[in-house]
Structures are given as structure tokens and as C-alpha cells.
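Work through the exercises below with the sequence and the structure side by side. Each task is followed by a solution that goes step by step.

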Amino acid sequence: MQRSRLLSPICEYTELLNRAFSYQPQAIVELIKDSGLRGRGGAGFPTGLKWDFTAKAEGKKKYVICNADEGEPGTFKDRVLLLESTDKLIQGMTIAGYAVGSNYGIIYLRAEYKWMLNDLMNKTDEMKNRGYLGKNILGKDFDFDIEFRLNAGAYVCGEETALIESLEGKRGEARNKPPYPAQEGYLGYPTVINNVETFCNVPYIICHGAEEFKKFGTDKSCGTKLFSISGDCEAPGVYELDLGSKVQDMLDLVGSRNTKAVQIGGAGGATASEKDFDKPICYEGYPPGGSIMIFNKSRNMVHVLRNFMEFFEEESCGQCTPCREGTKRLTDAVIRIDRGEKLNDEEMKTLLELAEVMKITSKCGLGQTAANPFVYIYENFREDF
Amino acid sequence: MQTATETMLNIKINGKELQAKQGETILDVAKRNNIHIPTLCYHDDLCLSGICRVCAVDVEGQRLLQTACNTPVIPEMVVNTNSQRVRKARKMILELLLSEHVGECTTCKRNLNCELQELASLYGIEEVRFKKPEEKRFPIEENSPIVRDNDKCILCRRCVRVCEEIQEVEAITPVGRGKETSIGCLYDLTLDETVCVFCGQCINRCPTGALTEKDATKDVWRAIEDPAKHVVVQTAPAIRAALAEEFDVPPGERVTGKMTAALKMLGFDTVFDTDFTADLTIIEEGTELLTRLKKALVDKSDVSIPMFTSCSPGWINYIEHHYPDLLSNLSTCKSPQQMFGALIKTYYAQKKGLDPDSIVSVSVMPCTAKKYEADRPEMTDSGYKDVDYVLTTRELARMIKQAGLDLMEIEDAEFDAPMGISTGAGVIFGATGGVMEAAIRTAYELVTGREVPFENLDIKPVRGMDGIRAASVTITDPSPEWSFLDGAEVKVAVAHTLSNARKLMDEVREGKSPYHFIEVMACPGGCLGGGGQPIPTAPDIRKKRAQAIYTEDDCLALRKSHENPAVKQLYEEFLGEPNGHKSHELLHTHYTEKSNW
């Protein structure tokens, strides 16, 4: 189940871009649709559809934005791609630009990754000098350039509309949808926003076709995916695995024994307990973010939960009521539990109701998922409460 | 806000088949069909924000609830505004807001007119399951006419949006993140240290008592109760068109006589009408305009044109902060309130044989910036503080209620003479475009000896609620003194709200303004939509108040400022001539540049 598509050597620029430019832009959109590629940032929206909306949207300009604001707790896979597969990212963004009719690319880089900015900029400069970026790429009358912007450290700016607000110099806060970025994104122009890994999958699909891409994975979760695996295991690191891999197989691969819990998909993801280890990690099972955190039986899950909740309370942007107040109330309660206080049934009932309301009424993905660890950990590890 | 087009579609709300227009939101359709969906961050005047989440409803096929305020309808949409999970969510959100809303309802100025209180009551919040902070977390900021109590703030950001969208002043902003979020100013400055113009539009949009005006009622009561003091009150034209709303009367009811009677019953010694100095302003400002035009056209001297009106103190604050380079374009006339104040302690005191020191001059204004204006160091030309206390419409209503008076049951009374005598031209100062209309009525007649060529004196092009309105008047056959204006097309423009003012000012700054005279009112709709007016406010409400004002003008026998006999008498007995020495001493002033951040 371990693969090396994403982490494999790059496709050669001239060959790849010539191949891409041999398609009509809409044909590329169709190809990406056919491949079944879904967003690798966590939400899993079909990439081809996103490109299609942007391609069909009217705008004097369009933007292709790479979300390199890798901020999900426990994920570090985009870092590896940014460092080792910069070419694929540049290629993927260029092809996206060609497909949707955009000449402007922006890489929105996590503030904590500032140290790699120089290298990245050298790389785009080099590609510009070699004629793979900039004006009239490969003489095909298509211009595409990439610039870099730094995030200022807010987790919520990984949410695509908050990211756009941040790019525009405003507070990083989610926008109302509709309109979606594909219709009105950065500066009001149609905008494609994809995760680093999503773009890095594009060259493979162009080179090898949709069918080859779909060879791995499941019906609804095509291809391979990078996982940042950390925690109580012998061999933590970044792994490229088939979508649909089972939790247990993954644990075996990294040498995890005596496992109590696996946090799948980041702080707002799911917390699997032993009974769930035979479930697959894919859109049909545990939604695959990039992050896998392993906790062995020596860990108290209330401590873990407290860590997650304090994170969300800190990172809530503060605009919508359920997220701002809900993360605060849940965190207060978890701190009390962590200190050894026993909450009565009535209080627990209120908190679970609060968790549900946060999920169904919050404005963006942050608030909608912030209560997940509370619910999962309470349900699966009640003995720790 | 999305614009609704006329393509119709069918949706269902709570089982009821309804017709909706393409582009409408669920809330739009619900409102039109009298289906109540609670809202807090939504406001008719503002962009959709979708942050309080209290309007969340169930939409068939959607896993998550959808906020009615910003979810556009789609064909065959099935909405339930009262499902179990909607009720649960609504209650929870209200509880969360209440748990952070610290303050006693009974001592709050917004008690019984508070949107949070109303929803809590409507949706039966009997207990709040989350612990409230035991003590106040924020100091009350009260060093300007706008008092901020962040403990009552529910972070709906209506204040932020009105400041940003309608005024483009951007003095207030969310500060901090997550649970640390509060509404404040750059670098933790207080409002008086920022570019805030004290227009008070934020107060009018606040759903709770987090933003209120600085109270002057206690000072005024004390003055009234002091037998050694002669307390004079003046009331601005916009008050009479809105005061009744504070007594649960629908917008648009004029209560000029009842208001006057109520003021007398409250114990004010003399009740005057600011309309009187509105008329006076027209004489002074009209003369100033014609003098400027003469200087420019005949003397070819360096004089700033267009000239701007100077009645709106929020606008004065704005130009001082943002367009100080255009201060020479500003009419040197004080606002009617301040002209009044200066005359009460001079002309009126002399006439009545009163010691000016014993006079307390109170004004009732639709405005919070008027409080700031009255405290300006420039405003002591009478040798005293020209206006001692400024009450907003809301404060006057509180005093009337405190006195146990039922406004609507009081028998009408008349303003006192002589400064209670006014014309329809003075009344329309209360609506956007009114100063311009009054000025044109007088200036045209002054120059030509004929009435303005508009039917019934109604200068319709400058009326209405469009953000910027322009008009022109061509002068023909003027009297010999004004012959230089023969054939001249005098171009005028009117702007209300500061965002619209900005557009006109930018033109002037670039040297591209075609106008000779520009009226600016800081607030939407003019003074009738001022920051001291009854809450709530909305486009419809302001239109009704405007109607009331224009009806009052229509009903009056005198509708041109220069026909006001009391103003004529004032010139004969005291001032001498318009723009004369005495006028300059008492009725004119100059403003100064302020920092723009």
C-alpha cells in the first residue's frame, strides 16, 4: 500500500507542459474530473469540479492560489512537498492556470515556513529564467507567474475564504458562501484554491492519464495520499499510502503497538479507538486529512482533548457565536475535567448539545469541526473522564 | 446585498408554498410572508454578515443548518424555520450570547428596546446554562458623546459595519481573536483619540445597550430645578418627526405641538425652535455663497468654490480629519444649534433683561456629534458656553417618560416668541437636501426678485434618498446688483452619509468638481436619521420621517427663510446686516485640521 507517486522524481518540464498544452483547457478540466482527484487539504472537494466552476466563471482576471498554510496539528506533509517536490507544485499550478484561464498564481505560505521562502523563490526565478514560468511559456502564448505571500500565523487562514481575506489584508475570517471563490475570490475575481498536495498530483495525471491515477485508492477516494504520522510509534514520518488503507495496516507499517487511540485528520478530525482500527481511511471511512496522531495506552485522552480544545479556543477567529463561545465553553469544561472534577449528567448533556449546535451552525469548517474531538473522545474513552 | 431580479421561483417554508424572486434570501422571503426568523447581526442598512448565526434554519437536503440572512433561495427549496434542531440551536446560541452579556437590564438605557432581551423573551430562555462572569470585564468608556460598555456587546459588528460601509470612517474594528475578541479602536485608543466623528450611527445600529449616548438628562433636570436659572431649550427640526416613535407610535407622525407642550410641562422656562436659526443660517450662508461667487466671478480673487454647508457637526469632524486641505471651502457659518446658543446669551438675554450667567441653554438634537460640537472651544463667542447641554431625541423621550407624561395625550402648544418663529425652509433642514432647498429658495429670490421656478417651491431634484443628488439653477434677469450672475448656471450637489461625502470631496480635491455649492449631512437621510434619533432605524423609517418633515413645510404659511419676520427683526434690532460685524463675531467660526488616523 505504500507508494511513491507524489514523492517520486519529477516529470520533465518541457515534456509535461507540452503535453498539457496539447489539450484544450477544458479538456484538462475534464481529465482532472475523470481522475476523481479530490482536494488534499482535508475537505475533499472534487478538484475537477472546482476548476470547472472557475473556468466557466466570468472575470477580467482569474487567480490560482496554492494553500500552503499547513497548520493542522500533526501535519507536516506539505512541508516535504514544498521542499522536495517544488517542481510538481509549480507544474500543477501552471497547468491549473492554463485550464481555468488564469495568469496569476499565488503561494500562500505558512508563517512558520518562512525559512524556506528564499529557496522557493529561487526556484520560481529559475523556472522563469528557463521559460517555464512568466510570459509566453514554451512559446505557447500562455503567461503564468507565481508570487509568494506569507500567512501571519492564524490557523483559520487555512480555510479558503479566510485565506483570501488575509491575502487582501483583512482579518483572517471566513466569508459567507455563496459566492464561492470560484465565482468571487481574491479581489473579487474567480479563484481556484487548492492545497499543495492537490497541485502536486496534477503532473502525474497529465503524464499517465486518469485511469492510471485511479489504479490506487477506492471508488470515491482515488489515488494515493500523503500522511504525516506522528506520536507513539517506532517510525514516524511522511508516508504515501493508498486511500482506503486501514488504520491497523498503517499502525503496523509505522510500528505502533499497544495503541489506544488514533487521531485521524487533525484536531477536528476523528478519534479512532481499538474497535475502529479495521476501518479504512478514505472518504467512505475516516476522512483523510494529512495528519495521523497515535496515542498508546499510557496516554490519558482527557489531556489530549484539553490540548485540542485549547488549540481551537485560541484559533477561533471570533466572528461567529457558536465557534467563539462554544470553543470557550467546551474548553472551560474540559479543563475542569482534566483537573479531576466530575461533571454531572446534566452538564455533560448540555456540552454535547453545544457540540452539536457548533457543528451545525458554525460559519466555517473550524467551528463545524472544533467539537469533534470532544464528542469522539467522550464517546470512545469515557473511562478517562 | 444581492439584487433581486424578477425571475420568480417556488419555495416552501414551513410547509407553505411561496413565491420568491431569484436573488432573494430565505430571510427576505420569510419577512415578506410574515414568518418570523430571529436575527441579530442582520440590519436593513448593512451588508450581510452572517456571524451571529441565530437565524439558522433547516433546509431539506442540507446536513448543516443554513443562515437565513445570507442563504439565497433556489428553486424548490424546502425550508423549516421551526424544526427541533433549529429550536435547539437558536436557544443555545441565545444562551451563549446571554452568558457573555453582563449588565442589569433594569438599569440599562435599552431596557425594553433591546433586541437580545426581546429574543430571549420570545424564545423562552428561562435559564442560561453557562456561567456568567461575576464581575465586569471592561471599563465603561465615556470620554466622548458615545458611551461604550463592552460588557453588553454581543459582537454582532453592526457598529463596525455602519462605520465602515455607510460612513467609511472605520474608527472601530474587532480587536483580538477568538474569545478575546472585542470591539475597539486601533492601538486600544478611546474613541475621542481616533478619527471617530461621533455621528452616533453605531448607537442606532447596536442591538443592545453596549453603545449609548452620554447622558445629559441629570444635568438638565438639575438646571430646571434650580430656581436661580432661566432654562431655555431649542429643538431641532428632526425631533418633531421622530419623537413619537419613542412612544410606540409608527414612524412618520409629527408631534411639533405636543413636543413643545411637553417641554413646557417639563419645566423649561422658554421653548424655542432651532428652525429659527436654520432660517438665519440661510440668510448668512446664502449671503456668504453669493459673496464668494462675486469674488470669484467679478473680483477674480482667490476664493474657495464650491462652498460646503457646515450644519452637520459629524461632517465638520470628518472634514477636519480627512479633508483639512478643503477647510477653506467650508462655510464659516456655525450650525443652527450654535448660532442659537450664541444668540440666547446675547440677544435674548438683552431683550429679556436677563443676566446671561443665569441662563442655561439646552438643545434637543437628533445627533450625538452635537454634544461634541457644543463642547468645542470655538463655541463660546457669547462670552459663555453658548450651548450648555445637548439632549438627544432619546434623552428627551426619557425625560418625558420620567415626568410621567403621555406625549400623545398632551394638548399642542406653540413655541415661544421671538426665536420660536420659523418657516418651512427651516423645518426641512431636518432632511437631506433640505438646507440646499432652503438656500435655493432664498438665494434665487434674493438675486432675481422672483420665486424659484419650481412648482409649489418644492425643489424635487435635491429631495429623496439617493446618496448624491445634483441640480442646477440658471439665473436669468437678475437685479442690477447681481447682474454678473445673468445667465449663470449655478450647480449644486447634496450628499448624505460620509461615504457619499467622500466621493464629492475627492472630486473637489482633484479639481474636477463642477459644483458651486455642496450640502453634506453626515447621517443617512440627514438629521432625521441622526445618531440621537429613536432606535431602530431603517430606510423605510427614515423615508417616513422625511415625509413628515416635508408635510410640515407644506403646511406652513411662510416657507422662505428671508420671509421670517423674527429673523428680520433680529437683524434690525441686533445684528445689523447679514455677514456684518456682529454676525461674524457671533455666528461664524473657523475649524482646524486634525490627525487622520
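**Exercise 1.** In this predicted model, determine whether B:Lys560 is buried or exposed, and find the residue with which the side chain of B:Lys560 meets in a salt bridge.

*Solution.* Begin with accessibility: B:Lys560 has a relative accessible area of 4%, and because buried means under 20%, B:Lys560 counts as buried. Next look for the partner, which is B:Glu451, with N and O 2.5 Å apart in the salt bridge. The pair links distant parts of the chain, since B:Glu451 sits in the loop between α14 (434-448) and β15 (468-474) of chain B, while B:Lys560 sits in the loop between α16 (539-555) and α17 (565-575) of chain B, 109 residues apart. Finally, check the partner's own accessibility: B:Glu451 is partly exposed, at 45%.

**Exercise 2.** For the salt bridges B:Arg32 with B:Glu24 and B:Arg148 with B:Glu141, decide which residues are buried and which are partly exposed.

*Solution.* Take the pair B:Arg32 and B:Glu24 to begin with, where the N to O distance is 2.5 Å. Here B:Arg32 is partly exposed, with a relative accessible area of 41%, whereas B:Glu24 is buried, at 6%. Then turn to B:Arg148 and B:Glu141, whose salt bridge has an N to O distance of 3.4 Å. In this pair B:Arg148 is buried at 5%, and B:Glu141 is buried at 12%.

**Exercise 3.** Describe how domain 2 of chain A and domain 3 of chain A meet, using their contacts, buried area and salt bridge.

*Solution.* Start by locating the domains: the assignment for chain A places domain 2 at 224-296 and domain 3 at 306-384, and their centres, taken over C-alpha atoms, are separated by 23 Å. Now consider the contacts, in which 14 residues of domain 2 of chain A touch twelve residues of domain 3 of chain A. The area buried between these domains is about 890 Å², and carbon and sulfur atoms give 64% of this area. On the side of domain 2 of chain A, 51% of the area buried against domain 3 of chain A is supplied by A:Ala267, A:Gly268 and A:Thr271, more than by any other three residues. The last step is the count of salt bridges between the two domains, which is one.

**Exercise 4.** Which residues make the nonpolar surface patch of about 260 Å²?

*Solution.* The patch is made by A:Phe45, A:Leu49 and A:Phe53. Of these residues, A:Leu49 can be placed in helix α3 (residues 47-56) of chain A, and A:Leu49 counts as partly exposed at 32% relative accessibility.

Terms used
Residues are numbered from 1 along each chain as its sequence is written. Chains are lettered from A and ligands numbered from 1 in the order in which they are written. This is a predicted model: local features need pLDDT of at least 70, side-chain atom pairs count only at pLDDT 80 or more; totals for chains, interfaces and linings use all residues. Side-chain values use heavy atoms; hydrogens and water are left out. A salt bridge is a side-chain nitrogen of Lys or Arg within 4 Å of a carboxyl oxygen of Asp or Glu. Buried means under 20% relative accessible area, exposed over 50%, partly exposed in between (1.4 Å probe, protein chains only). Helices (H or I, at least four residues) and strands (E, at least two) are DSSP runs, numbered from the N terminus. Patches are made of residues with over 30% relative accessible area and no salt bridge: like charges are joined within 9 Å, nonpolar side chains (Val, Leu, Ile, Met, Phe, Trp, Tyr) within 5 Å. Accessible areas come from the Shrake-Rupley method with a 1.4 Å probe; for residues, only the protein chains shown count as cover. Domain bounds come from an automatic or database domain assignment. Contact means heavy atoms within 4.5 Å. Buried area is the accessible area (1.4 Å probe) that two parts lose on being put together, summed over both.
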